[in-house]
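Colleague: I'd like to get better at reading features off a model like this one. Could you take me through a few, starting with the general idea each time?

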Amino acid sequence: MEEKPSPHQELLPRLFRLEYAKMTAVLCRHFGLQHIETAEDIVSDTFLKAAEHWSRSGAPPNPTAWLYTVAKNHARDHFKRHSLFETQIKPALGVDGLETAPEVDFTEQTITDSQLAMIFAVCNPANSTEAQICLALQVLCGFSVEEIAGAFLSKTETIKKRLARARANLRNDRSGIWPLQAAAIQSRLDTVLRTIYLLFNEGYASRSAHHLIRKDFCSEAMRLALFLTENPLTGTPKANALLALICYQSSRLEAREDDAGDAVLFEQQDKSRWSKELIEKGNFYLVEACSANEISKYHLEAAIAYWHTTPTDHDKWKHILQLYNQLVILEYSPITALNRTFAFAKVHGNHQAIPEAEKLGLSHLNYYHSLLGFLYTGISTAKAIRHYQKAIALTRPAAEKRTLAKEIERLRAQP
Amino acid sequence: MRDFLLIFRNSDTSHPAPTPEQMQERMNWMAGIAAQNKLADKGNRLSGSIAKTVRPDDVVTDGPYTEIKEFILGYVIVKTDTIEEAVDIAKKNPILKMGGNIEVRAILTPEEKG
């Protein structure tokens with residue numbers, strides 16, 4: 001046993017990421033959201049005990065079951081010791097005559113139900129979107145405050161404050177999501193989907209944060225979306241469309257960066273590095289999403305992402321432009337407006353697209369200038385370079401600056 | 001910024017269904033407004049055949065109101081700084097190539113006088 005390279009040292013962090021959120025969710029379901037900190041303490045104590053115990057006598061044959069048993073005992077002890085159950089929880093639950101706290105059960109069904117309820121509790125409209133995402137990352141995905149701060153390029157203190165406020169709202173949440181009710185799910189599902197969508201974008205679109213954490217954000221968003229699609233109450237066409245979108249985008253994660261960590265532009269990506277498996281999954285969920293006569297922005301974005309996975313043919317960009325037209329009419333965002341103009345250029349040519357781009361009034365955005373740099377290429381090299389220079393001035397991540405600088409070099413090298 | 005209603009009119013009731021190219025052109029026009037974040041309401045197209053006009057004394061006639069041999073095809077609301085800007089947007093709508101016209105009207109706030 002001793003000569004082996006202590007397997008628990010790799011096992012524990014992985015289990016922590018997997019089980020922390022599940023165990024917290026189950027304990028909260030038993031004791032109520034107002035005791036979330038207690039639930040988290042119990043889970044932390046459990047992992048502490050695992051670290052001590054497993055380093056002495058090795059990991060048990062079934063580590064997960066071991067954790068659940070210890071958490072169960074901890075919960076019982078904790079509530080006995082602090083008489084929290086007698087003085088606060090029992091009256092709140094409206095139960096009398098119970099000698100001890102009810103047994104916490106970690107069956108698969110309870111874990112699933114508790115996690116689903118927790119997703120809906122975290123996506124509380126009382127919290128700002130940023131706060132919801134932070135809380136989701138911490139409570140649902142088990143990220144540390146430092147990791148979250150790193151991803152948002154924020155100070156640890158800022159994230160801590162944001163989380164404290166969000167947690168106060170979470171504790172006071174009396175919207176009756178325990179037990180999960182169809183009406184509460186309906187009214188919050190859009191917020192939940194939006195939070196997952198933004199969580200994914202935070203991982204996928206921001207090139208500023210730490211590479212590995214960003215990838216974890218993407219896979220966590222996929223896990224949560226998958227979770228929603230598997231439940232009959234939440235597996236709506238919109239949820240399926242969101243999952244399809246996440247699958248398509250994720251299929252290109254590996255191809256988007258070169259060995260030096262620089263961004264590889266879409267058209268220069270090595271398509272053999274796109275994940276066929278994820279593209280097929282995307283196709284599956286997009287078909288599921290189209291089972292009803294509903295078109296959301298997730299449907300449109302998933303459909304655009306679908307077309308990006310197909311080989312370039314004559315009509316591909318016409319379809320993409322049509323979808324962007326619908327998307328920008330449905331919900332304006334600067335990035336949609338810019339992407340739509342790029343698709344417009346692909347269909348109608350750069351000459352016609354330049355006035356469309358210049359009308360957008362987005363000269364404070366780096367992507368506006370890199371788009372115009374692209375559009376002026378071959379029309380006016382001087383203007384193209386000027387726009388790329390403005391784009392660089394507005395860009396923070398070094399890798400992205402390098403990508404833009406390469407475009408200027410290419411323009412200057414042309415006769 | 002204020003809202004302007006663009007009212008689309010044409011004189012031809014029996015125009016054929018728009019071709020895919022015409023549809024695409026119309027969508028491009030509207031998405032171009034939306035891309036500037038100036039589309040307040042994408043509005044609606046109005047039926048020329050499922051239409052009645054109601055007058056005083058219980059007089060109901062079939063069809064849209066056509067006093068001036070033109071009827072309203074649809075409307076869109078845009079959000080611009082000036083009426084001139086709204087007019088510039090209207091000038092690019094493909095209905096003008098098909099003999100139609102567009103009326104641009106400021107939408108009044110409750111405290112404004114017409």
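Modeller: Sure, we'll go through helix packing, a buried helix, chain B and then the contact between the chains. Keep in mind that this is a predicted model.

Colleague: Let's start with helix packing. At what angle do α18(A) and α19(A) pack, and how far apart are their axes?

Modeller: Two packed helices are described by the angle between their axes and the distance between them. Here α18(A) and α19(A) pack at about 165°, and their axes are 9 Å apart. Angles over 145 degrees count as roughly antiparallel, so that is the word for α18(A) and α19(A). Their crossing is left-handed.

Colleague: Which residues of α18(A) and α19(A) meet?

Modeller: From α18(A) you have T381(A), A384(A), I385(A), Y388(A), A391(A) and I392(A); they meet K401(A), L404(A), A405(A), E407(A), I408(A) and L411(A) of α19(A). By class, that contact has nine nonpolar, one polar and two charged residues.

Colleague: Now burial. Why is helix α17 of chain A said to be largely enclosed?

Modeller: For burial you count neighbours: a residue is buried if 20 or more other C-beta atoms lie within 10 Å of its own. In α17(A), residues 366–376, nine of the eleven residues are buried, so the rest of the structure largely encloses this helix. The buried ones are Y368(A), H369(A), S370(A), L371(A), L372(A), G373(A), F374(A), L375(A) and Y376(A).

Colleague: What covers the buried residues of α17(A)?

Modeller: The cover includes α15 (334–348), α16 (350–358), α18 (381–393) and α19 (398–413) of chain A. So you meet the α18(A) and α19(A) pair again here. Have a look just after α17(A) too, where G378(A) takes a positive phi of about 90°.

Colleague: On to chain B. In what order do its elements run?

Modeller: From the N terminus the order is β-α-β-β-β-β-α-β, which gives two helices and six strands. The C-alpha trace of chain B spans about 45 × 45 × 20 Å along its principal axes. Of its 114 residues, 19% are buried. Among contacts in chain B with a separation of 6 or more, 75% are between residues 24 or more positions apart.

Colleague: And how many residues does each chain bring to the contact?

Modeller: Chain B brings eleven and chain A twelve. On the chain B side, α1 (20–35) and β2 (39–45) each supply at least two residues. The largest share, seven residues, comes from α1(B). By class, the chain B side has six nonpolar, four polar and one charged.

Notes. Residues are numbered from 1 along each chain as its sequence is written. Chains are lettered from A and ligands numbered from 1 in the order in which they are written. This is a predicted model: local features need pLDDT of at least 70, side-chain atom pairs count only at pLDDT 80 or more; totals for chains, interfaces and linings use all residues. Two residues are in contact if their C-beta atoms, placed from the backbone, lie within 7 Å. Helices (H or I, at least four residues) and strands (E, at least two) are DSSP runs, numbered from the N terminus. Ala, Val, Leu, Ile, Met, Phe, Trp, Tyr, Cys and Pro count as nonpolar, Asp, Glu, Lys and Arg as charged, and the others, Gly among them, as polar. A residue is buried if 20 or more other C-beta atoms lie within 10 Å of its own, exposed if 12 or fewer, and partly exposed in between; C-beta atoms are placed from the backbone. Axes are lines fitted to C-alpha atoms, for helices over the stretch in contact, and angles run from 0 to 180 degrees between N-to-C directions. Angles under 35 degrees count as roughly parallel, over 145 as roughly antiparallel, 65 to 115 as roughly perpendicular and the rest as oblique. A crossing is left-handed if the near helix is turned anticlockwise from the far one by less than a right angle, and right-handed if clockwise.
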